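I opened a fresh page for this one and kept my notes short. Come along and look at each spot as I did.

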Amino acid sequence: ETDAEYMGSLPSHKMASVSISKKRKFVADGVFHAELNELLTRELAEDGYAGVEVRHTVMRTEIIIRATRTQNVLGEKGRRIRELTAVVQKRFNFPENSVELYAEKVNNRGLCAAAQCESLRYKLLGGLAVRRACYGVLRFVMESEARGVEVIVSGKLRAQRAKSMKFIDGYMVKSGQPKQHYVDSAVRHVKLRQGVLGVKVNIMLPHDPSGRMGPKEIQPDVIQVLEPKEDAVLAAQ
């Protein structure tokens with residue numbers, strides 16, 4: 001293993017003692033986040049896993065797991081979260097008691113692309129027809145006050161020949177900066193008997209000034225026309 005490869009596999013807590021360039025630090029953080037996300041996606045798929053956030057403090061590293069069913073993530077008397085903490089600590093060589101895992105509940109699972117993607121995946125594995133499963137997801141997301149939703153399923157749908165089906169409802173931006181802020185995306189693979197299906201869910205989030213249900217930033221193409229002020233009538237001299 002070369003120095004570059006070794007450095008690339010180090011998370012931030014290891015770099016405090018090793019002098020390292022900014023570029024390598026960002027790459028290493030990205031690799032750490034990607035591997036952690038992959039582990040939790042596979043382990044917590046049935047518990048509505050919706051993403052992970054890593055916070056580095058002076059004393060410890062905090063890993064916040066976002067999920068729809070936090071009780072299942074914690075396990076009986078917190079057993080499961082302790083097991084996950086031990087796995088992460090061993091894999092990434094964290095010192096004892098320097099990494100902490102927390103579970104955070106997703107406010108609205110109808111606006112979470114990862115949760116809806118997993119839901120669709122389990123519907124398809126259960127043998128539900130593709131159209132029915134997708135329209136069910138579309139309806140649920142739009143009822144959760146999303147601006148728009150798009151579901152794409154591709155692979156061998158019923159016939160031997162692979163094809164792609166796209167289901168769209170509402171409004172969806174496809175380019176520019178608003179796409180970064182407003183569109184939540186998730187991709188999953190469904191392993192069926194006849195082959196693998198690809199499932200992609202895009203959800204256009206609503207604008208929320210508080211930042212809880214959606215982004216605070218107003219879209220640049222949304223223009224608000226204010227009512228004109230009434231002219232003050234000057235009294236005759």
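**Entry 1: a helix over strands.** I began with helix H3, residues 22-43, which lies across E1 and E2. I read its direction against E1 as about 145 degrees. A reminder to myself: this is a predicted model.

**Entry 2: the three-stranded sheet.** Next I asked in what order the three strands of this open sheet run. I found E1-E2-E3, with mixed pairing. Strand E1 (49-56) and E3 are the edge strands, and each of them pairs on one side only. From one strand to the next I noted an average twist of 20 degrees. I then looked at how E1 and E2 pair, and they do so in the antiparallel sense, over seven bridges. To have one spot to click on, I picked Gly51, whose bridge partner in E2 is Arg66.

**Entry 3: Thr68.** I followed the chain to the loop between strand E2 (61-67) and helix H4 (70-74), where Thr68 is found. Is Thr68 buried or exposed? Its relative accessibility is 10%, so Thr68 counts as buried, the cut-off being under 20%. I also listed what Thr68 touches, leaving out residues up to four places away in sequence: Asp47, Gly48, Lys105, Val106, Arg109 and Ala115.

**Entry 4: two positive phi values.** I went looking for unusual backbone angles. Asn93 is not a glycine, yet its phi is positive, at about 55 degrees. I located Asn93 in the loop between helix H5 (79-91) and strand E3 (99-105). With a relative accessible area of 49%, Asn93 is partly exposed. Glu145 also went into my notes, as a residue other than glycine with a positive phi, near 70 degrees. Glu145 sits in the loop between H7 and E4. At 59% relative accessible area, Glu145 is exposed, because the cut-off for that word is over 50%.

**Entry 5: the four-stranded sheet.** I turned to the open sheet of four strands, ordered E5-E4-E7-E6 with antiparallel pairing. Why is one side of E5 and of E6 left without a neighbour in the sheet? Strand E5 (163-170) and strand E6 (183-192) stand at the edges and have a single partner strand each, so one side of each stays free of a neighbour there. The average twist I noted here is 10 degrees from one strand to the next. Inside the sheet I checked strand E4 (residues 148-155) against strand E7 (residues 195-204): they run antiparallel and seven bridges join them. My sample pair was Ile152 with Lys200, its bridge partner in E7.

**Entry 6: H6 and H7.** Helix H6 (residues 113-125) lies across E4, E6 and E7, and I read about 20 degrees between H6 and E6. Which way do H6 and helix H7 (residues 130-143) cross? Their axes come within 10 Å and cross at roughly 155 degrees. The cut-off is over 145 degrees, so H6 and H7 are roughly antiparallel to each other. I logged the crossing as right-handed. On the H6 side, the contact is made by Gln116, Leu120, Lys123 and Leu124. On the H7 side I wrote down Val130, Ala133, Cys134, Gly136, Val137, Phe140 and Val141. Sorting the residues of this contact gave eight nonpolar, two polar and one charged. That is where I closed the notebook.

Note on methods. Residues are numbered from 1 along each chain as its sequence is written. This is a predicted model: local features need pLDDT of at least 70, side-chain atom pairs count only at pLDDT 80 or more; totals for chains, interfaces and linings use all residues. Side-chain values use heavy atoms; hydrogens and water are left out. Two strands pair if DSSP finds at least two bridges between them. Axes are lines fitted to C-alpha atoms, for helices over the stretch in contact, and angles run from 0 to 180 degrees between N-to-C directions. Contact means heavy atoms within 4.5 Å. Angles under 35 degrees count as roughly parallel, over 145 as roughly antiparallel, 65 to 115 as roughly perpendicular and the rest as oblique. A crossing is left-handed if the near helix is turned anticlockwise from the far one by less than a right angle, and right-handed if clockwise. Ala, Val, Leu, Ile, Met, Phe, Trp, Tyr, Cys and Pro count as nonpolar, Asp, Glu, Lys and Arg as charged, and the others, Gly among them, as polar. Buried means under 20% relative accessible area, exposed over 50%, partly exposed in between (1.4 Å probe, protein chains only).
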